[in-house]
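Here is a brisk tour of one protein–DNA model. Look at the sequence and the structure first, then read on.

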4 protein chains.
Amino acid sequence: MAAAKGEESKKKLLKAAEKLFAEKGFQSTKVSEIVAHAGLTQAAFYLYFASKEEILQHLLSEFEQQLGNFGDAGKKAGDFYPGRVQPYVKDQFVQLFSFLGKNPSLTKIALHHGKHGDRIREKIVAQIAGNMKENQNKGIVKKEIDPQIASEAIVAVTERLIDRYLWNGEKTKEELGAQAAQIFLHGILNES
Amino acid sequence: MAAAKGEESKKKLLKAAEKLFAEKGFQSTKVSEIVAHAGLTQAAFYLYFASKEEILQHLLSEFEQQLGNFGDAGKKAGDFYPGRVQPYVKDQFVQLFSFLGKNPSLTKIALHHGKHGDRIREKIVAQIAGNMKENQNKGIVKKEIDPQIASEAIVAVTERLIDRYLWNGEKTKEELGAQAAQIFLHGILNES
Amino acid sequence: MAAAKGEESKKKLLKAAEKLFAEKGFQSTKVSEIVAHAGLTQAAFYLYFASKEEILQHLLSEFEQQLGNFGDAGKKAGDFYPGRVQPYVKDQFVQLFSFLGKNPSLTKIALHHGKHGDRIREKIVAQIAGNMKENQNKGIVKKEIDPQIASEAIVAVTERLIDRYLWNGEKTKEELGAQAAQIFLHGILNES
Amino acid sequence: MAAAKGEESKKKLLKAAEKLFAEKGFQSTKVSEIVAHAGLTQAAFYLYFASKEEILQHLLSEFEQQLGNFGDAGKKAGDFYPGRVQPYVKDQFVQLFSFLGKNPSLTKIALHHGKHGDRIREKIVAQIAGNMKENQNKGIVKKEIDPQIASEAIVAVTERLIDRYLWNGEKTKEELGAQAAQIFLHGILNES
DNA sequence: TATGAATGAGCGTTCATTCAT
DNA sequence: GATGAATGAACGCTCATTCAT
């Protein structure tokens, strides 16, 4: 009934790797450190993962899976705001924030890791850009905005604020979400 | 007329290191690769730099030096827009863009490199936040904006757009600057 | 029954290092040579010792530990020769010889290695000088002798004779001990 | 009239090498250090010496040359003490001391350097042993003494006392010579 | 399921030595 | 006679990975 002992070890390794990869980066994290944090030996590592690279992939695909759900949630959420445009857009924004903030270390790893990061980021950006284009057609979003660029900006900011303020508990997800939404939706300037 | 041969080699090494550090990160870049790109032997590297770490520092301090000038420029620029607030703010924005865009690889290295990156980023953010606070007091920037957060956002976006669009020539500095300014100054939404 | 395999390898490395350090000195001995003699790879070396320096320290402290015992032995031995002074002094002399001769390579390494060697030699010299001073007070040793210098001389000779004659089996410990005692106790000249 | 400039540089290099070899040993002394002490460049070194090894040989042969003179001096000195045996022997002893003490660093280098050191030491030992054997035949030196061993002892002590007390000026050549002679000629024990 | 022991390949660094000027 | 610049070869050390038990 209890999870097989092996499965537990595998989880410990994944947790350790996630923490360390996020803290020090993939290259700088040694297999020896991962197993030390997991309370196992180096040989045990290779019982569960073929290589250091593979445990990263495992983490990354875990993240990508959750990413799929996010997309669906976004779609569905649209239906709940018939007619009221601003709350809808704002809510989508907060959702992204909430989603990426749920797993800050995974987010950091996923978006920072060269090739893989690019692919994943592209996915998120595309999703947001798609939504934005729709909203542009509906007249909600300004015509002058390049959805591609704006989406990149949104992701970059989300990523950064999570890393800077959420990670260490300096701000809450809600505070950050509100601020980010405020900035992106209305800009920082007073209307003259 | 010809620059001392040694100085040339040093520059070649710096150029190569800059390129590679930006492309693959510090850890993943091997000294052997740097010297290969510079057309020298490994031993020659240590004629000019005490360690791989030191060439990074060299690059970093080069960047920080330019950073100082950027701050001064920002201050002076303020005087040129008496009464016209928006162009002033926008211009400042574009300047940051222009400044960081002038040396994309150095920017990437500087802001991505753990401890050092944090310090440098903090410097830039503080400078922008300072300006923003002033403009907030003057009623130019919205009261609800947290200058700290907004500045982090601005830097994050600038960094990302440079890396994504400028690096490969997909967009020009001006295009990006305009788009970013647009987003940050007025937001993406149409006024309803 | 069998000693743990790792412990065996460690011992092999220590034996090899001892031999080579004694033969060619610390600096001239390469880690590659040590492991070759031990039948291991270079990486294995660092499984047991953090650095080349550390294996030297290990050897040195092993020697110093034995050194402590030597001091005690000397003290106790004094009690066994009540009233008969010459055999007592001679025996102490032979003991030093026997002690250092038990591990010629370790002795060579220990006394030849700069800072460390100086400290260890000082220890031995001080011990002998202490004894000698006592015997001087008892009227056994000549007043004109400077115990410090005489002790340095004794150690130097012991060291050299071991290295020259014991190492290659040309003389036995007893022969050397007898000759050295003879020289130091009564000198080389006939009484005229 | 002035010595050629090249000859001066060569001398500077020899002086520097002598000092450094004595202080830190041959292996641990880098060519870069030698030239730094001599105020020259590394390339200049190879104008005068084919290799690091060669400058050592140069130093060594310089020492060996002086050694020849020492042997002759010993022989001649014998004639000046007709009938008075002890002063003669003692004087020879002091001469060795004086000779080796004249160039402590060269002495240290010469006697410490493996193969070469062995050859040179052998030469000195043989010379002393030869004299001692003569004196043994004349009844001056005890029959029981093995001249070979005694000579090794004498050289070892001389070498050590020079290194320990002369080098830093703690004792003078004369003090050391007297003490050493005292020990070796008459031993440390009181006649009971 | 897990480990203790070992390794191959490579990395950053050093150093005696060379050569064009 | 001397130098600035460069190098080949090796060294100490690290690390992801393997394998017998």
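## Where chain C meets chain D

In this predicted model, Arg164(D) and Glu152(C) form a salt bridge, with their closest N and O atoms 3.3 Å apart. How many salt bridges cross the interface of chain C and chain D? The rule finds six. Polar contacts add to the picture: 30 residue pairs are in polar contact between chain C and chain D, counting residues at pLDDT 80 or more.

Which elements of chain C give two or more residues to the side that touches chain D? They are α5 (85-102), α7 (114-137), α8 (147-166) and α9 (173-186). The largest share comes from α8(C), with eleven residues. By type, this side of chain C has 18 nonpolar, twelve polar and eight charged residues.

The contact takes 38 residues from chain C and 38 residues from chain D. Together the two chains bury about 4000 Å². Of that area, 59% is on carbon and sulfur atoms.

## Around DNA strand E

There are 33 residues around DNA strand E. Those that come nearest are Ala43(A), Tyr48(A), Tyr46(B), Ala43(C) and Tyr48(C). Of the strand's atoms within 4 Å of the protein, 62% belong to sugar and phosphate.

The table lists distances to a phosphate oxygen of DNA strand E.

| Residue | Polar atom in | Distance |
|---|---|---|
| Val31(B) | backbone | 3.1 Å |
| Ser9(C) | side chain | 2.8 Å |
| Thr41(C) | side chain | 2.9 Å |

Elements giving two or more residues to the surface near DNA strand E include α3 (42-48) of chain B and α3 (42-48) of chain D. This surface divides into 16 nonpolar, twelve polar and five charged residues.

Technical notes:
Residues numbered from 1 in each chain as written. Chains lettered and ligands numbered in written order. Predicted model: local features only at pLDDT ≥ 70, side-chain atom pairs only at ≥ 80, totals over all residues. Heavy atoms only, no water. Contact = heavy atoms within 4.5 Å. Buried area = accessible area lost by both parts, 1.4 Å probe. Salt bridge = Lys/Arg side-chain N within 4 Å of Asp/Glu carboxyl O. Polar contact = N/O pair within 3.5 Å; in protein donor to acceptor, adjacent residues only side chain to side chain. Helix = DSSP H or I, 4+ residues; strand = E, 2+ residues; numbered from the N terminus. Nonpolar A, V, L, I, M, F, W, Y, C, P; charged D, E, K, R; others polar. Near = heavy atom within 4 Å.
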